[in-house]
Amino acid sequence: MGSHRASIIPGMPELPEVEVTRRSFAQRIQGARVEAVRLGKPLRWPLGVDPASLVAQSVGEVTRRGKYLWLPLERGGLLMHLGMSGSLAFGTDPGAPGPHDHFDLVTQYGTLRLTDPRRFGAVVWSQAQDSGAAGKLLAGLGLEPFDPAFDGAHLHAALRGRRVAIKQALLEGSIVVGAGNIYACEALFEARIDPRTRSDRLSRPRCEALAAAVRETLARALDLGGSTLRDFRDAHGMAGSFQQQARVYGRAGEPCVRGDGGVVRRIVQGQRATFFCPVCQRR
Ligand SMILES: [Zn+2]
């Protein structure tokens with residue numbers, strides 16, 4: 001755990017952080033009546049409704065789709081995204097909003113607050129999750145990694161005719177959501193696949209291995225978040241803990257943890273850093 005690794009920790013919230021955030025408040029806010037809505041500086045997209053119209057509606061069951069959270073109200077709902085630097089916290093005594101607090105949903109059970117220094121996050125109202133602004137934003141998302149339909153056969157079929165490197169196909173999120181940069185690197189390592197491999201060259205058995213590795217990697221991140229995070233306000237701390245345990249990500253120049261004599265390489269694909277072992281990860 002040298003200090004050189006600490007410098008790569010800041011990153012945007014990925015699917016596991018969003019899911020852990022959801023679990024941190026979904027049950028506590030469910031059934032609560034909205035008492036007030038407070039907006040700070042503009043976020044990535046406008047709210048799309050008069051905030052006063054949300055008052056007196058009660059909150060339903062908060063769900064997640066990809067990196068979006070859907071907070072249903074009696075009439076419509078709010079689609080939330082943490083962007084590059086956002087975090088959501090729910091508490092009964094949030095205090096006065098600070099300069100980076102740009103959305104407060106004040107309810108009878110507590111206040112849900114979005115803190116987002118870079119303001120790439122968003123809270124967008126929609127009539128329903130599958131219509132209006134939410135419908136547009138969620139259209140085109142790939143399968144959820146824990147959806148039983150996401151398996152080797154699905155992955156193999158989706159990669160047919162795709163000439164891009166497999167790492168990039170995973171990052172696009174149109175086949176499966178959640179395989180962000182760290183998790184894509186780790187999953188490819190677990191599946192022993194060279195991240196530069198052309199997508200349409202992956203055999204069906206290797207797709208099986210990769211689908212399983214994506215699921216296992218994200219499950220591991222979720223477990224870690226659930227077991228180590230007490231203060232869910234810091235979703236970035238969770239990505240940091242996962243990186244500390246990463247088997248290949250961030251380990252350029254170190255020997256491969258498989259002990260195969262390989263030295264982890266760092267390359268750049270689509271402007272994102274990729275880490276892999278040239279010995280055990282094959283094309
Ligand atoms: Zn290796």
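A residue is termed buried when its relative accessible area is under 20%, exposed when that area is over 50%, and partly exposed in between. These terms recur in the following tour of a predicted model.

**The zinc site**

Select the zinc ion together with Cys256, Asp260, Cys277 and Cys280. The ion is coordinated by the SG atoms of the three cysteines and by OD of Asp260, at 2.0 to 2.3 Å. Next, display the angles among the four donor atoms: they span 98 to 118°, and the site is tetrahedral. For four tetrahedral donors the ideal angle is 109.5 degrees. Along the sequence, the donor residues follow the spacing C-x3-D-x16-C-x2-C.

Colour two of these donors by accessibility. Cys256 has a relative accessible area of 5%, so this residue counts as buried. Asp260, at 28%, is partly exposed, because that value lies between the two cut-offs of 20% and 50%.

**Strand β7 and its partners**

Now select residues 110–115, which constitute strand β7. Six of its six residues are buried, so the strand is largely enclosed by the rest of the structure. Show the side chains: Gly110, Leu112 and Leu114 point one way, while Thr111, Arg113 and Thr115 point the other way.

Add strand β5, residues 87–91, which runs antiparallel to β7 and is joined to it by five bridges. Within this pairing, Leu88 stands opposite Leu114.

Finally, add strand β6, residues 101–107, which is also antiparallel to β7 and is joined to it by six bridges. Here Asp104 stands opposite Arg113 of β7. Between β6 and β7 lie two residues, and the two strands form a hairpin.

Conventions
Residues numbered from 1 in each chain as written. Predicted model: local features only at pLDDT ≥ 70, side-chain atom pairs only at ≥ 80, totals over all residues. Heavy atoms only, no water. Donors = N, O, S within 2.8 Å, 3.2 Å for Na, K, Ca; no water. Tetrahedral: all angles 85-135°; square planar, octahedral: opposite > 155°, others 65-115°. Buried < 20%, exposed > 50% of the residue type's maximum accessible area, 1.4 Å probe, protein only. Helix = DSSP H or I, 4+ residues; strand = E, 2+ residues; numbered from the N terminus. Pairing = 2+ DSSP bridges.
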